[in-house]
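Let's take a friendly look at how two protein chains meet. Here are the sequence and the structure to explore.

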Amino acid sequence: MLNDLAISAQGLTRYFGDRVVVDQLDLGVPRGSVTGLLGLNGAGKTTTLRMLMGLLTPTRGQSQLLGKDSQQLTAEDRARIGYTVEGHFLYSWMTVRQSEKFQRETFPRWNNAMFESTVRRFGIDPGQKIRVLSRGQRAGVSLALTLAAEPELLILDDPALGLDPVSRAALNETLLDFCNEGMRTVLLSSHLLDDIERVVDRVLVMVHGRLVVNTTIDDFRNRISSWSLEVPPASRAIQAIPGLVFAKQRGGRTIVTVADSDAETEAAMMRIGADSLERLPITFGEAVIAYLSQSRASDSFFANTGA
Amino acid sequence: MRTLIEKELRENLRWLWVGLALIGSLVWYATPKTLVANGESAETLIASPMLLGASLFALGLGVMQSFADLRTASRSFLFHRSVSIGSIFYSKLISGAILYFAAVGIPLCLVAIWFAAQGLDYLPVRPIQVYPAAVVALACFGFHPAAMLMLARSGKWFGTKLLPLFFVIPIVAIGGITINTILHGPALHVLIVGLILLGDLILVAAAKHAWVHSVADEGSFPKQPVNLALKLTLSIAAVVFVMFSFQVVAAFGGGWLPAETSSVEEDYAIDAEGNLWWVKSKRTRTEPWLAFISGDRLQKDELPDARRELPKKLQLGHLGKLTWVGTAKRCFAGEMAWYSKDLASYFDSRGNVLLYDRTLTPPLQARITRDGAPFAGDPRSSGSEDMFFYDKSGPSFWIDPIGAYRILSPSLKVETLLELPIQAKGSETRHTSNDQGTNKVQTQEQITILSDGKLHVYRLTDKDGNEWFPDFGRGKSEFKIREIAVSPPLPPSDWKDIRYHFTDDSKFTVVLTGRRPCFLTYDSKSDTHWTVTSFRNPNKKISDDLGSLLFSVLPLLFSIVVAVSIGSDLLLSGTSLPTIDSFKCFLQDEYGYVILGTVVLLFSMIGAYFACQRRMLSRSETIRWCCWTVLLGVATPIAVLAIYTRPACVRCTGCEKKRRIDLRKCEHCGCEWERTAPMGIEIFDDGFSKSKEQQLTPELTR
């Protein structure tokens with residue numbers, strides 16, 4: 001099984017001081033999949049990605065990229081892995097062409113056509129200095145530099161952060177084109193749920209440094225459900241619903257989001273006195289937001305009810 | 001790596017201009033441009049600002065190169081590519097070296113060219129005199145890898161973060177030796193440069209280890225063991241830090257120290273009767289001259305005790321000392337001798353004497369040679385400054401290893417007085433009451449030469465044969481040299497340290513300490529002339545209260561380095577090395593400091609033990625560090641705290657004790673980490689959720 005995984009982690013843990021940021025993470029990302037990593041700010045996404053990339057030492061546990069220990073990646077291993085850092089760091093004193101030269105000479109494989117087409121897609125003049133580029137254009141250069149090295153595994157840390165809709169569209173198109181070429185694995189961290197839904201086929205959700213979802217996007221959609229109940233507001237009994245992800249009030253009714261609902265779930269909802277029980281359609285975005293809201297006290301139904 | 005070096009050069013080129021401006025202006029400001037009375041030699045003048053400028057530039061460059069690429073985003077971008085982190089480190093080091101040596105090399109080359117263009121006509125300078133500054137610059141480059149190490153390793157800015165910089169101080173000190181040894185043979189310079197490069201290599205190895213293994217730790221307990229270079233660097237840096245701190249306290253707060261800051265010397269003295277004494281003299285900070293405090297008369301075959309009370313009304317005087325010609329230091333420093341406000345002589349390292357008059361253009365007035373041949377040595381460099389007097393109308397006298405000469409004025413021709421091999425020479429100032437019988441004294445110069453087992457004593461006399469006194473004699477047109485020559489009846493192979501005292505022309509004493517220590521008394525009026533009395537050689541001891549205090553509390557490593565240095569100096573100067581007797585004597589006299597040193601050592605061991613406990617080191621490592629305390633002294637706890645990182649701890653759910661977060665099992669109860677209870681909302685597909693337990697591998701255990 002491990003051989004089928006492009007990324008795997010076992011008990012991956014990271015503390016900063018005595019505060020745990022990533023807590024005993026076990027994950028596997030199959031080769032050839034496009035996986036979205038979701039979570040609130042501070043959930044531990046970037047820390048996880050940095051540990052996977054071998055740029056941060058885990059406190060405990062271990063991880064592998066393309067079958068190699070993340071902490072022992074050689075230059076050859078790194079040539080097979082593409083990585084864009086959060087914020088699209090580039091040397092601002094370089095021109096786009098100088099950046100390309102620098103990247104080309106430090107990676108053994110280089111697809112010039114890929115670089116040129118990506119740069120064109122973002123409307124960038126290769127003679128421009130990096131410092132004068134817009135945020136979207138910097139993202140384009142960053143992506144072009146990463147993709148032109150023809151990585152087998154691509155790890156992107158929030159590549160769409162702060163991009164305008166046109167740049168986001170260009171980013172998504174570029175990623176889709178890249179993924180369609182051969183057996184490539186992508187792990188993409190983002191807050192943009194629409195983009196993720198469009199691009200990925202697997203989803204990971206992190207809450208407080210823990211992984212709570214790791215499945216295909218279809219499986220995720222199938223296993224999460226939303227229900228509208230009529231129960232007294234602020235009822236503590238609602239917590240008794242098995243697999244309750246999140247609950248909120250809307251127009252006098254309580255909307256609950258439940259994972260892996262079955263007959264027992266419906267029976268539990270009936271037991272707490274729901275007069276009418278209505279299953280609602282739920283989008284991918286709403287399902288993810290339910291998970292993320294669950295971890296944020298200010299948005300939490302439980303906080304409002306004093307739970 | 002070429003690409004990385006190009007990137008670094010392009011990125012940091014702006015600092016080259018800063019470095020050129022800083023070092024160039026400092027060096028040019030310090031470069032001698034005119035003859036300055038009491039001015040230091042060119043190599044000292046240039047090396048000092050080079051030390052400041054090059055240290056600052058190397059440190060700044062290392063910080064800028066590291067800081068920019070160690071921030072999270074830039075580090076991730078730079079480190080994730082198909083090159084090793086080691087290559088990235090070396091590219092920074094090499095590009096830093098290129099920029100650094102350009103910034104220090106260009107000003108030095110320009111100064112050397114300027115020296116060559118000036119020539120000796122204007123200033124006694126030669127291009128070679130920039131060499132010590134170049135060696136100092138080479139040593140100061142150590143601040144570059146030290147800065148890279150400083151930024152890559154964990155540590156607090158108000159803790160041990162800055163410690164690696166202290167490792168560079170001894171490297172720079174070694175480089176500074178070249179200032180006084182510029183004219184020594186190549187072997188010494190190869191050794192100096194070799195030691196500098198060795199120090200830099202250790203620093204580079206330590207810095208590389210930190211870049212490759214420590215940067216990703218970001219302050220957490222390191223997974224990789226600390227390498228030897230890093231241990232060595234931080235241990236030596238801790239020792240230097242302790243020494244530096246004591247120096248600062250001694251320099252600025254000597255009064256706070258419990259010991260009286262005085263120094264005590266033991267040496268020979270002679271009374272008015274011509275009897276020899278072994279006396280203890282004291283010098284204090286406020287009274288810097290030697291005052292006799294106790295002593296014992298030298299008796300045949302007896303060991304004198306310098307602690308005995310001296311008889312009252314005893315008049316004692318010091319003995320002269322012969323300096324071995326062969327041990328004369330060769331250097332440029334201090335070779336300018338000023339005879340008046342405007343007139344100076346300079347002993348050219350090629351063996352010529354250059355006379356400068358700074359009121360004339362060009363200032364160089366004469367090159368004095370020995371009939372066209374260079375002099376064989378410079379007496380000024382052996383500490384015999386009084387041997388060469390020059391006045392346009394007065395006498396000049398010169399000694400080198402192959403003869404004694406006088407320089408005739410105003411022709412500046414050289415007349416050879418003696419043509420014989422000279423092994424040792426010494427000058428002595430005799431004090432004589434003046435005609436009025438008051439306390440005012442005249443000084444009379446006399447020069448003693450050892451040649452082929454014979455002592456020659458020269459005194460200047462005027463044309464009537466009366467002794468000539470420089471204080472009164474200036475302006476006299478003629479003089480003679482009166483020679484007294486005697487041969488002590490012992491083979492020269494027995495002579496090591498030669499002390500002498502002339503009571504008058506017919507009576508004097510020579511003390512020879514060598515294989516058979518003895519003193520010889522010469523009396524021309526007796527039948528035998530010479531009386532030889534052997535005695536047991538008392539060991540010369542110089543102790544300093546402050547020095548003893550510092551030695552007793554400073555690391556033994558430092559004491560060993562100093563002892564080796566003193567030992568080599570003693571060997572070179574022909575003085576006997578300390579013996580078991582002298583060690584016993586030391587223990588007897590300085591037991592207070594021995595006790596203090598022992599107490600300090602014990603406290604250092606306790607400190608090292610607690611430092612090891614705080615860093616949670618194993619029992620064997622704790623024992624090893626406690627043993628190292630013998631060598632590193634009070635620096636050991638600092639070294640332990642700097643080398644190791646303290647692992648964070650949380651409370652164990654099994655035993656309630658604090659357990660290390662980096663270990664899989666609790667070190668107290670063996671309990672594994674509890675898995676956080678499922679929230680009941682997890683969605684995992686079969687392939688990965690169910691396999692996760694099986695995927696945990698034993699390698700998780702450190």
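How many residue pairs are in polar contact across the interface of chain B and chain A? The rule finds 18 such pairs, with both residues at pLDDT 80 or more; a polar contact is a pair of N or O atoms within 3.5 Å, where within protein one must be able to donate a hydrogen and the other to accept it, and residues adjacent in sequence count only if both atoms are side-chain atoms.

This is a predicted model, in which local features need pLDDT of at least 70, side-chain atom pairs count only at pLDDT 80 or more, and totals for chains, interfaces and linings use all residues. Residues are numbered from 1 along each chain as its sequence is written, chains are lettered from A in the order in which they are written, and side-chain values use heavy atoms, without hydrogens and water.

**Size of the interface**
- Chain A brings 68 residues to the contact and chain B brings 55, where contact means heavy atoms within 4.5 Å.
- About 5,200 Å² is buried between the two chains, 58% of it on carbon and sulfur atoms; this is the accessible area (1.4 Å probe) lost on putting the two parts together, summed over both.

**Charged pairs**
- Three salt bridges are counted between chain B and chain A, each a side-chain nitrogen of Lys or Arg within 4 Å of a carboxyl oxygen of Asp or Glu.
- One salt bridge links the side chains of A:Arg210 and B:Glu682, at 3.7 Å from N to O.
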